[in-house]
Amino acid sequence: MRWLEVSVQADGEAAEAVSKVFNRYCRGGAVVCIDCSLGLATVKAYLPLDDGERRRRLEEALWHLSQIYPIPVPQFRELAEGDWAAAWKEHYPLMRIGRHIVIKPPWLEHAPKSGEVLIELDPGMAFGTGLHPTTRMCLVELEGRLKAGMRVLDLGTGSGILAIAAAKLGAAKVLALDIDPIAVESAQRNVIANGVEGIVSVRCGSLEVLGLRSGVGGPRSEAQGHLTLDSGPRTFDLMTVNILAEVIVALIREGLSAYLERNGLIIAGGIIETKETEVVAALEEAGLAITGRRQEKDWVTLVGKRDASLLCTP
Ligand code: SAH
(Lines give C-alpha, C1' and ligand atoms only; values in the text may rest on other atoms or scores of the structure.)
Protein backbone atom coordinates (compact mmCIF):
# COMPACT_ATOMS: atom_id res chain seq x y z
CA MET A 1 0.00 0.00 0.00
CA ARG A 2 1.15 3.54 -0.70
CA TRP A 3 0.93 6.20 1.97
CA LEU A 4 0.66 9.94 2.19
CA GLU A 5 2.56 11.87 4.80
CA VAL A 6 0.77 15.00 5.94
CA SER A 7 2.61 17.63 7.94
CA VAL A 8 1.69 20.96 9.46
CA GLN A 9 4.03 23.34 11.20
CA ALA A 10 2.50 24.26 14.52
CA ASP A 11 3.58 24.86 18.09
CA GLY A 12 1.98 24.80 21.54
CA GLU A 13 -1.80 24.71 21.62
CA ALA A 14 -2.05 24.75 17.82
CA ALA A 15 0.13 21.61 17.65
CA GLU A 16 -2.17 20.02 20.18
CA ALA A 17 -5.22 20.85 18.10
CA VAL A 18 -3.60 19.61 14.86
CA SER A 19 -2.58 16.36 16.62
CA LYS A 20 -6.19 15.83 17.66
CA VAL A 21 -7.36 16.17 14.05
CA PHE A 22 -4.60 13.82 12.85
CA ASN A 23 -5.48 11.30 15.55
CA ARG A 24 -9.00 11.25 14.21
CA TYR A 25 -8.21 10.81 10.53
CA CYS A 26 -4.77 9.25 10.26
CA ARG A 27 -3.52 5.75 10.83
CA GLY A 28 -1.55 5.43 14.05
CA GLY A 29 -2.15 8.99 15.15
CA ALA A 30 0.07 12.04 15.07
CA VAL A 31 3.74 12.48 15.82
CA VAL A 32 5.23 15.79 16.81
CA CYS A 33 8.81 16.46 15.71
CA ILE A 34 10.17 19.27 17.79
CA ASP A 35 12.70 21.63 16.23
CA CYS A 36 12.42 19.93 12.85
CA SER A 37 12.79 23.12 10.92
CA LEU A 38 12.92 26.84 11.59
CA GLY A 39 12.75 26.12 15.31
CA LEU A 40 9.07 25.20 14.98
CA ALA A 41 7.40 21.95 15.82
CA THR A 42 6.00 19.94 12.94
CA VAL A 43 3.09 17.59 13.43
CA LYS A 44 3.09 14.64 11.05
CA ALA A 45 0.81 11.74 10.36
CA TYR A 46 0.14 9.13 7.68
CA LEU A 47 -2.89 8.09 5.69
CA PRO A 48 -3.48 5.64 2.83
CA LEU A 49 -2.78 7.31 -0.53
CA ASP A 50 -5.91 5.92 -2.18
CA ASP A 51 -8.30 7.14 0.53
CA GLY A 52 -9.29 10.41 -1.09
CA GLU A 53 -12.36 10.81 1.10
CA ARG A 54 -10.30 10.65 4.28
CA ARG A 55 -7.87 13.21 2.87
CA ARG A 56 -10.76 15.48 1.97
CA ARG A 57 -12.22 15.27 5.48
CA LEU A 58 -8.80 15.84 7.00
CA GLU A 59 -8.20 18.94 4.87
CA GLU A 60 -11.63 20.24 5.79
CA ALA A 61 -10.97 19.75 9.51
CA LEU A 62 -7.59 21.48 9.18
CA TRP A 63 -9.20 24.35 7.32
CA HIS A 64 -11.65 24.84 10.20
CA LEU A 65 -8.74 24.78 12.61
CA SER A 66 -6.90 27.41 10.58
CA GLN A 67 -9.77 29.80 11.30
CA ILE A 68 -8.88 29.56 15.01
CA TYR A 69 -5.10 29.00 14.99
CA PRO A 70 -2.56 30.59 12.65
CA ILE A 71 -1.51 27.33 11.00
CA PRO A 72 -0.17 27.04 7.45
CA VAL A 73 -1.69 24.92 4.68
CA PRO A 74 -0.83 21.23 5.24
CA GLN A 75 1.96 19.70 3.17
CA PHE A 76 1.37 16.28 1.59
CA ARG A 77 4.12 13.91 0.49
CA GLU A 78 3.68 10.52 -1.18
CA LEU A 79 5.64 7.65 0.31
CA ALA A 80 6.26 4.09 -0.82
CA GLU A 81 5.27 1.35 1.65
CA GLY A 82 8.84 0.78 2.81
CA ASP A 83 9.36 4.50 3.39
CA TRP A 84 6.23 4.64 5.47
CA ALA A 85 7.32 1.81 7.74
CA ALA A 86 10.74 3.42 8.14
CA ALA A 87 9.33 6.90 8.68
CA TRP A 88 6.91 5.59 11.24
CA LYS A 89 9.47 3.63 13.21
CA GLU A 90 11.93 6.48 13.14
CA HIS A 91 9.42 8.56 15.09
CA TYR A 92 9.06 5.95 17.80
CA PRO A 93 12.51 4.99 19.03
CA LEU A 94 13.09 3.56 22.50
CA MET A 95 12.47 6.42 24.94
CA ARG A 96 14.14 6.80 28.31
CA ILE A 97 12.28 8.99 30.74
CA GLY A 98 13.24 9.89 34.29
CA ARG A 99 15.67 7.54 35.99
CA HIS A 100 14.26 4.12 35.17
CA ILE A 101 11.35 4.36 32.74
CA VAL A 102 11.84 2.96 29.25
CA ILE A 103 9.04 3.16 26.70
CA LYS A 104 9.13 0.99 23.63
CA PRO A 105 6.79 0.47 20.71
CA PRO A 106 5.74 -3.17 20.17
CA TRP A 107 7.96 -3.64 17.12
CA LEU A 108 11.23 -2.94 18.98
CA GLU A 109 12.97 -5.71 20.90
CA HIS A 110 14.39 -4.65 24.25
CA ALA A 111 15.44 -6.88 27.12
CA PRO A 112 15.04 -4.69 30.23
CA LYS A 113 18.10 -4.28 32.42
CA SER A 114 17.63 -4.66 36.14
CA GLY A 115 15.87 -1.67 37.66
CA GLU A 116 14.36 -0.59 34.35
CA VAL A 117 10.62 -0.02 34.24
CA LEU A 118 9.65 -1.12 30.75
CA ILE A 119 6.40 0.06 29.23
CA GLU A 120 5.27 -1.22 25.86
CA LEU A 121 3.08 1.27 24.12
CA ASP A 122 1.34 1.06 20.80
CA PRO A 123 0.81 4.67 19.81
CA GLY A 124 -2.71 3.76 18.62
CA MET A 125 -5.18 6.55 18.16
CA ALA A 126 -4.92 8.19 21.57
CA PHE A 127 -2.60 10.95 22.59
CA GLY A 128 0.01 9.96 25.15
CA THR A 129 2.99 8.31 23.51
CA GLY A 130 5.40 9.77 26.02
CA LEU A 131 6.77 12.11 23.42
CA HIS A 132 4.72 15.02 24.59
CA PRO A 133 6.49 17.16 27.21
CA THR A 134 3.48 17.13 29.56
CA THR A 135 3.39 13.34 29.58
CA ARG A 136 7.14 13.18 30.08
CA MET A 137 7.01 15.57 33.04
CA CYS A 138 4.11 13.65 34.63
CA LEU A 139 6.11 10.42 34.28
CA VAL A 140 9.12 11.98 35.97
CA GLU A 141 6.97 13.24 38.86
CA LEU A 142 5.21 9.89 39.11
CA GLU A 143 8.51 8.07 39.30
CA GLY A 144 9.77 10.42 42.01
CA ARG A 145 6.63 10.36 44.15
CA LEU A 146 4.90 7.02 43.77
CA LYS A 147 5.39 4.67 46.71
CA ALA A 148 4.64 0.95 46.67
CA GLY A 149 1.08 0.09 47.64
CA MET A 150 -0.43 3.48 46.72
CA ARG A 151 -3.93 3.76 45.24
CA VAL A 152 -3.81 5.90 42.13
CA LEU A 153 -6.37 7.69 39.97
CA ASP A 154 -5.33 8.54 36.40
CA LEU A 155 -7.93 10.97 35.15
CA GLY A 156 -7.77 11.48 31.38
CA THR A 157 -5.72 8.34 30.82
CA GLY A 158 -5.41 8.59 26.99
CA SER A 159 -3.22 5.67 25.95
CA GLY A 160 -3.03 4.60 29.60
CA ILE A 161 0.64 5.49 29.82
CA LEU A 162 0.57 7.08 33.29
CA ALA A 163 -1.70 4.38 34.71
CA ILE A 164 0.58 1.63 33.38
CA ALA A 165 3.66 3.44 34.70
CA ALA A 166 2.01 3.78 38.13
CA ALA A 167 1.25 0.04 38.18
CA LYS A 168 4.79 -0.85 37.13
CA LEU A 169 6.23 1.52 39.73
CA GLY A 170 4.42 -0.36 42.49
CA ALA A 171 0.88 1.05 42.86
CA ALA A 172 -1.54 -1.42 44.46
CA LYS A 173 -4.58 -0.25 42.49
CA VAL A 174 -5.00 2.19 39.63
CA LEU A 175 -8.26 3.53 38.28
CA ALA A 176 -7.82 4.93 34.76
CA LEU A 177 -10.65 7.10 33.43
CA ASP A 178 -11.25 8.83 30.12
CA ILE A 179 -14.31 10.38 28.55
CA ASP A 180 -13.19 9.36 25.05
CA PRO A 181 -14.20 5.77 24.18
CA ILE A 182 -11.33 5.50 21.66
CA ALA A 183 -8.85 6.35 24.41
CA VAL A 184 -10.50 3.83 26.76
CA GLU A 185 -10.14 1.09 24.15
CA SER A 186 -6.52 1.96 23.48
CA ALA A 187 -5.71 2.19 27.21
CA GLN A 188 -7.32 -1.19 27.83
CA ARG A 189 -5.26 -2.74 25.02
CA ASN A 190 -2.07 -1.23 26.39
CA VAL A 191 -2.87 -2.30 29.96
CA ILE A 192 -3.24 -5.91 28.78
CA ALA A 193 -0.10 -5.74 26.60
CA ASN A 194 1.81 -4.71 29.73
CA GLY A 195 0.28 -7.42 31.90
CA VAL A 196 -1.04 -4.98 34.52
CA GLU A 197 -4.77 -5.68 34.11
CA GLY A 198 -4.83 -7.05 37.68
CA ILE A 199 -3.86 -3.60 38.97
CA VAL A 200 -5.32 -1.11 36.47
CA SER A 201 -9.07 -0.80 35.84
CA VAL A 202 -9.95 1.29 32.81
CA ARG A 203 -13.39 2.92 32.70
CA CYS A 204 -15.13 5.33 30.38
CA GLY A 205 -16.11 8.52 32.15
CA SER A 206 -14.89 11.14 34.55
CA LEU A 207 -15.92 12.32 38.01
CA GLU A 208 -19.33 10.62 37.84
CA VAL A 209 -17.53 7.28 37.96
CA LEU A 210 -16.41 8.26 41.46
CA GLY A 211 -19.98 9.24 42.27
CA LEU A 212 -19.04 12.90 42.34
CA ARG A 213 -21.58 14.30 39.91
CA SER A 214 -25.11 14.68 41.09
CA GLY A 215 -27.79 12.28 39.93
CA VAL A 216 -25.31 9.50 39.27
CA GLY A 217 -25.37 7.80 42.60
CA GLY A 218 -26.55 4.33 41.61
CA PRO A 219 -24.38 1.38 40.69
CA ARG A 220 -24.90 2.00 37.00
CA SER A 221 -25.62 5.03 34.92
CA GLU A 222 -26.46 3.60 31.56
CA ALA A 223 -28.24 6.74 30.48
CA GLN A 224 -24.86 8.39 30.07
CA GLY A 225 -23.13 5.24 28.95
CA HIS A 226 -20.79 5.43 31.93
CA LEU A 227 -20.16 2.90 34.62
CA THR A 228 -19.94 3.94 38.21
CA LEU A 229 -17.32 2.37 40.36
CA ASP A 230 -18.86 -0.59 42.12
CA SER A 231 -15.64 -1.88 43.66
CA GLY A 232 -12.12 -0.66 44.20
CA PRO A 233 -10.83 2.45 45.90
CA ARG A 234 -12.86 5.63 46.18
CA THR A 235 -10.08 7.67 47.68
CA PHE A 236 -6.60 7.86 46.32
CA ASP A 237 -3.06 8.49 47.54
CA LEU A 238 -2.05 9.97 44.21
CA MET A 239 -3.83 11.38 41.19
CA THR A 240 -2.51 12.23 37.75
CA VAL A 241 -4.54 14.70 35.73
CA ASN A 242 -2.73 15.50 32.52
CA ILE A 243 -5.47 17.28 30.61
CA LEU A 244 -5.70 21.05 30.09
CA ALA A 245 -5.70 23.98 32.53
CA GLU A 246 -9.40 24.73 32.04
CA VAL A 247 -10.40 21.12 32.55
CA ILE A 248 -8.21 20.73 35.63
CA VAL A 249 -9.71 23.88 37.18
CA ALA A 250 -13.23 22.62 36.45
CA LEU A 251 -12.50 19.19 37.92
CA ILE A 252 -11.00 20.70 41.07
CA ARG A 253 -13.99 23.03 41.47
CA GLU A 254 -16.29 20.02 41.11
CA GLY A 255 -14.60 18.50 44.15
CA LEU A 256 -11.93 16.18 42.78
CA SER A 257 -9.54 16.81 45.67
CA ALA A 258 -12.05 15.46 48.19
CA TYR A 259 -11.15 12.05 46.77
CA LEU A 260 -7.55 12.55 47.74
CA GLU A 261 -6.32 11.06 51.00
CA ARG A 262 -4.88 13.47 53.51
CA ASN A 263 -1.28 14.13 52.45
CA GLY A 264 -2.27 12.71 49.06
CA LEU A 265 -0.71 14.13 45.91
CA ILE A 266 -2.10 15.41 42.65
CA ILE A 267 0.14 15.67 39.60
CA ALA A 268 -1.49 18.12 37.22
CA GLY A 269 -0.10 18.51 33.69
CA GLY A 270 -1.12 19.94 30.36
CA ILE A 271 -1.04 23.47 31.76
CA ILE A 272 -0.02 26.22 29.38
CA GLU A 273 2.23 28.66 31.24
CA THR A 274 -0.18 31.58 30.82
CA LYS A 275 -2.89 29.66 32.68
CA GLU A 276 -0.69 28.46 35.52
CA THR A 277 -1.87 31.04 38.07
CA GLU A 278 -5.50 30.00 37.53
CA VAL A 279 -4.66 26.38 38.23
CA VAL A 280 -2.54 27.28 41.28
CA ALA A 281 -5.44 29.34 42.65
CA ALA A 282 -7.93 26.51 42.13
CA LEU A 283 -5.62 23.99 43.78
CA GLU A 284 -4.96 26.27 46.75
CA GLU A 285 -8.66 27.07 47.15
CA ALA A 286 -9.28 23.34 47.37
CA GLY A 287 -6.78 23.09 50.24
CA LEU A 288 -3.83 21.81 48.26
CA ALA A 289 -0.34 23.13 48.77
CA ILE A 290 1.91 23.34 45.71
CA THR A 291 4.91 21.13 46.43
CA GLY A 292 6.43 20.74 43.00
CA ARG A 293 6.66 22.42 39.62
CA ARG A 294 8.26 21.53 36.32
CA GLN A 295 8.33 23.39 33.05
CA GLU A 296 9.31 22.42 29.52
CA LYS A 297 8.86 25.08 26.88
CA ASP A 298 5.49 26.66 27.67
CA TRP A 299 4.07 23.58 29.41
CA VAL A 300 3.88 23.47 33.19
CA THR A 301 3.31 20.51 35.49
CA LEU A 302 2.30 21.13 39.10
CA VAL A 303 2.27 18.87 42.12
CA GLY A 304 -0.27 19.65 44.84
CA LYS A 305 -0.47 18.04 48.25
CA ARG A 306 -3.66 17.78 50.23
CA ASP A 307 -3.28 19.55 53.52
CA ALA A 308 -3.26 17.01 56.34
CA SER A 309 -5.21 19.38 58.58
CA LEU A 310 -8.26 19.46 56.26
CA LEU A 311 -10.92 17.22 57.60
CA CYS A 312 -13.45 17.18 54.78
CA THR A 313 -13.97 13.72 53.35
CA PRO A 314 -15.98 12.74 50.31
N1 SAH B 1 -2.73 10.73 30.46
C2 SAH B 1 -2.25 10.71 29.09
C3 SAH B 1 -3.18 11.37 28.12
C4 SAH B 1 -3.39 12.86 28.29
S5 SAH B 1 -4.45 13.55 27.04
C6 SAH B 1 -0.85 11.31 29.05
O7 SAH B 1 -0.40 11.82 30.07
O8 SAH B 1 -0.20 11.27 28.03
C9 SAH B 1 -5.86 13.98 27.96
C10 SAH B 1 -6.94 12.93 27.96
O11 SAH B 1 -7.94 13.40 28.85
C12 SAH B 1 -7.63 12.70 26.64
O13 SAH B 1 -7.59 11.34 26.31
C14 SAH B 1 -9.07 13.18 26.86
O15 SAH B 1 -10.03 12.38 26.22
C16 SAH B 1 -9.21 13.07 28.37
N17 SAH B 1 -10.16 14.00 28.99
C18 SAH B 1 -10.46 15.28 28.65
N19 SAH B 1 -11.33 15.83 29.52
C20 SAH B 1 -11.61 14.87 30.44
C21 SAH B 1 -12.44 14.82 31.61
N22 SAH B 1 -13.17 15.86 31.98
N23 SAH B 1 -12.47 13.68 32.33
C24 SAH B 1 -11.74 12.61 31.95
N25 SAH B 1 -10.95 12.58 30.85
C26 SAH B 1 -10.88 13.70 30.12
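**Notebook: ligand pocket and salt bridges**

I began with the whole chain: of its 314 residues, 52% count as buried, where buried means under 20% relative accessible area, exposed over 50%, and partly exposed in between (1.4 Å probe, protein chains only). This is a predicted model, so I kept in mind that local features need pLDDT of at least 70 and side-chain atom pairs count only at pLDDT 80 or more, while totals for chains, interfaces and linings use all residues. Residues are numbered from 1 along each chain as its sequence is written, and side-chain values use heavy atoms, with hydrogens and water left out.

**Entry 1: the chain overall**

I counted up the secondary structure and got eight helices and 16 strands; these are DSSP runs numbered from the N terminus, helices being H or I with at least four residues and strands being E with at least two. Next I looked up the contacts (heavy atoms within 4.5 Å). Among those between residues at least 6 apart in sequence, 64% join residues at least 24 apart. The accessible surface of the chain comes to about 14,200 Å², and carbon and sulfur atoms own 52% of it. Accessible areas here come from the Shrake-Rupley method with a 1.4 Å probe, and for residues only the protein chains shown count as cover.

**Entry 2: around the ligand**

Which residues come nearest to the ligand? I found Thr 135, Gly 156, Asp 178, Ser 206 and Asn 242, out of 17 residues around the ligand; a residue is near if one of its heavy atoms lies within 4 Å. By class, this shell has seven nonpolar, eight polar and two charged residues. For the classes, Ala, Val, Leu, Ile, Met, Phe, Trp, Tyr, Cys and Pro count as nonpolar, Asp, Glu, Lys and Arg as charged, and the others, Gly among them, as polar.

Then I went through the close N and O distances. A ligand oxygen is 2.6 Å from an N or O atom in the side chain of Asp 178. An oxygen atom of the ligand is also 2.7 Å from an N or O atom in the Asn 242 side chain. At Gly 156 the partner is a polar backbone atom, 2.8 Å from a nitrogen atom of the ligand. Taken alone, the ligand exposes 570 Å², and the protein buries 86% of that.

**Entry 3: Asn 242**

I stayed with Asn 242, which sits in strand 13. Buried or exposed? Asn 242 counts as buried because its relative accessibility is 10%. Its side chain makes a polar contact of 3.2 Å with the side chain of Thr 134. I noted the rule for a polar contact: a pair of N or O atoms within 3.5 Å; within protein, one must be able to donate a hydrogen and the other to accept it, and residues adjacent in sequence count only if both atoms are side-chain atoms. A polar atom of the Asn 242 side chain also lies 3.0 Å from the backbone nitrogen of Gly 270. Leaving aside residues up to four places away in sequence, Asn 242 touches several others, including Thr 135, Cys 138, Leu 155, Gly 156 and Leu 162.

**Entry 4: salt bridges**

How many salt bridges does the structure hold? I got 16, each being a side-chain nitrogen of Lys or Arg within 4 Å of a carboxyl oxygen of Asp or Glu. Side chains of opposite charge can pair when their charged atoms come close.

I checked Arg 77 and Glu 5, whose side chains meet at 3.2 Å, N to O. This pair links distant parts of the chain, with Arg 77 in strand 4 (residues 75-79) and Glu 5 in strand 1 (residues 3-9), 72 residues apart. Arg 77 is partly exposed at 45% relative accessibility, whereas Glu 5 is buried at 5%.

Arg 56 pairs with Glu 53, the closest N and O atoms being 3.0 Å apart. Both lie in helix 2 (residues 52-66), three residues apart, about one turn of the helix. Arg 56 is partly exposed at 41%, and Glu 53 is partly exposed at 42%.

**Entry 5: Arg 151**

Last, I looked at the salt bridge between Asp 237 and Arg 151, 3.6 Å from N to O. It joins strand 13 (residues 236-242), home of Asp 237, to strand 8 (residues 151-155), home of Arg 151, across 86 residues. Arg 151 is partly exposed at 27% relative accessibility. The side chain of Arg 151 also makes a polar contact of 3.1 Å with the side chain of Glu 261. I noted that the C-alpha atoms of Arg 151 and Met 239 are separated by 8.6 Å, with their positions 88 residues apart along the chain.
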